[in-house]
Amino acid sequence: MVSLRQLEYLVTVVDTGSFTRAAEQLYVTQPALSHQMRALEQTVGGPLLERLPRAVRLTPMGRAMLPHARAALADAERARCAARQAGGLIAGELLVATVYSVSLGVLPPALRVWRRERPEVDVRLFEYRHGTEMREAMTAGEADVAIGPVPEGWDGPVRELGTEEFVVVLPTDSTGSTGNASEQSADGTVDLATLADCAWVHYAPGHGLAELVDQVCADAGFRPRPAVRTEQTAAAPILAAAGLGPALVPANVLPPRFEGRVLRPSTPVRRRLAAYTRPGPDPLTSGFVDVLAEHATV
């Protein structure tokens, strides 16, 4: 019999990419973790993970099992919340999936309103590097609602929230690492082609905005050369303002009284955002989407 604990072990090993890191995160010894994984593999009748010298890799059996393992863990968590709700311990819990940039720039105003109107509902936020990862999590039942780029061909309700604008961040003294951009910005815009020779503040591989930056620069006729790559959307404008190179960032992530120089691309860069759910969302989820549509900052 497969246990939820064994499924949690499998998912954690995959997510951390290491038996050692998984054991630390799960607060178990590595031998105990390895023993349970071997027991799971014996139960299902074959290897789920390939142990490599510096990493682990899912086998075909493992890839087939992983989404079901994630869904089972999510169902167990929802069962726990339902029991607590029936016992009067909580009035509800909402599982929200989003991408890094949206959790920083778009969600806070809507979450503030939701918390004021529904203080009895706990919100758990799951953040993903890429819209594809978030969509997979929704398909696996790991969240009630997802907020991010508009999903193509999604089999469920999709509520568009608006269009996100991107800006270019430069240091206040736009010389050296940012070339002659200052000569092109009298109207508050910049031609990205004038930044082709710069080293850029870029995003880490696998980050959704890394693809967007590469595509936008390709449309301007060049491939951006990274000076530094970051996983954190909030770090990109700070690094750019510090003089490491230009950065393309969502305008809504810039903090008040930001010290860097902010210019609009002469060819606007925009991204459509939406909230989406699986078919037949419950009233709590639908109510949250309504609040998003009215109060999210896009």
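## Working through strands and helices

In β5, Val145 is the bridge partner of Val96. Keep that pair in view as you go through the exercises below, and remember that this is a predicted model.

**Exercise 1. Find out how β3 and β5 pair, and whether β5 is enclosed or not.**

Step 1. Start from the pair you already have, Val96 and Val145 in β5. Strand β3 covers residues 93-99, and it pairs with β5 in the parallel sense over three bridges.

Step 2. Now look at the other partner: β5 is joined to β12 by four bridges, and these two run antiparallel. A handy spot to check is Ile147, whose bridge partner in β12 is Ala275.

Step 3. Count the buried residues. β5 spans residues 145-149, and four of its five residues are buried, so the strand is largely enclosed by the rest of the structure.

**Exercise 2. Work out which strands β6 pairs with, and in what sense.**

Step 1. Begin with β12 (residues 270-276). Seven bridges tie it to β6 (residues 158-170), and the two run antiparallel. To see the register, put Thr163 on screen: Arg272 in β12 stands opposite.

Step 2. Move on to β10 (residues 247-250). Here there are four bridges to β6, again with the strands antiparallel. Val169 has Ala247 of β10 standing opposite.

Step 3. Finish with β11 (residues 261-265), which is joined to β6 by three bridges and runs antiparallel to it. Val168 finds its bridge partner in Leu263 of β11.

Step 4. Put it together: β6 runs antiparallel to β12, to β10 and to β11. And since β12 also bridges to β5, you can trace a path from β6 through β12 to β5 and on to β3.

**Exercise 3. Describe how α1 and α2 pack, then decide whether Thr16 is buried or exposed.**

Step 1. Two packed helices are described by the angle between their axes and the distance between the axes. For α1 and α2 (residues 19-26), the angle is about 125° and the axes are 8 Å apart.

Step 2. Classify the angle. An angle of 65 to 115 degrees would count as roughly perpendicular and one over 145 as roughly antiparallel; α1 and α2 are therefore oblique to each other. Their crossing is right-handed.

Step 3. List who meets whom. From α1 come Arg5, Glu8, Tyr9, Thr12, Val13 and Thr16, and they meet Phe19, Arg21, Ala22, Gln25 and Leu26 of α2.

Step 4. Zoom in on Thr16, which lies in α1 (residues 4-16). Its relative accessible area is 17%, and buried means under 20%, so Thr16 is buried.

Step 5. See what surrounds Thr16. Its side chain reaches the backbone oxygen of Val13 at 3.4 Å. Neighbours within four places in sequence aside, Thr16 is in contact with Arg21, Ala22 and Gln25.

**Exercise 4. Carry on to α3: state its angle to α2 and the exposure of His35.**

Step 1. Read off the geometry. α2 and α3 (residues 30-44) pack at about 105°, with their axes 9 Å apart.

Step 2. Classify again: 65 to 115 degrees counts as roughly perpendicular, and α2 and α3 are therefore roughly perpendicular to each other.

Step 3. Find the contacts. Phe19, Thr20, Ala22, Ala23 and Leu26 in α2 meet Gln30, Leu33, Ser34 and Met37 in α3.

Step 4. Now pick out His35, which is found in α3. With a relative accessible area of 44%, His35 is partly exposed. For a sense of distance, His35 and Tyr203 sit 38 Å apart in space, C-alpha to C-alpha, and 168 residues apart in sequence.

**Exercise 5. Describe the packing of α6 and α10.**

Step 1. Helix α6 covers residues 107-117 and helix α10 residues 283-295; their axes come within 9 Å and cross at roughly 130°.

Step 2. Name the arrangement: α6 and α10 are therefore oblique to each other, and the crossing is right-handed.

Step 3. Check the residues. The α6 side supplies Leu107, Pro109, Ala110, Leu111, Val113, Trp114 and Glu117, which meet Leu284, Gly287, Phe288, Val291, Leu292 and His295 in α10.

**Exercise 6. Zoom out and summarise the protein.**

Step 1. Count the elements: ten helices and twelve strands.

Step 2. Take the dimensions: along its principal axes, the C-alpha trace spans about 70 × 50 × 35 Å.

Step 3. Check burial and contacts. Of the 298 residues, 45% are buried. Among contacts with a separation of 6 or more, 73% are between residues 24 or more positions apart.

Technical notes: Residues are numbered from 1 along each chain as its sequence is written. This is a predicted model: local features need pLDDT of at least 70, side-chain atom pairs count only at pLDDT 80 or more; totals for chains, interfaces and linings use all residues. Side-chain values use heavy atoms; hydrogens and water are left out. Two strands pair if DSSP finds at least two bridges between them. Buried means under 20% relative accessible area, exposed over 50%, partly exposed in between (1.4 Å probe, protein chains only). A polar contact is a pair of N or O atoms within 3.5 Å; within protein, one must be able to donate a hydrogen and the other to accept it, and residues adjacent in sequence count only if both atoms are side-chain atoms. Contact means heavy atoms within 4.5 Å. Axes are lines fitted to C-alpha atoms, for helices over the stretch in contact, and angles run from 0 to 180 degrees between N-to-C directions. Angles under 35 degrees count as roughly parallel, over 145 as roughly antiparallel, 65 to 115 as roughly perpendicular and the rest as oblique. A crossing is left-handed if the near helix is turned anticlockwise from the far one by less than a right angle, and right-handed if clockwise.
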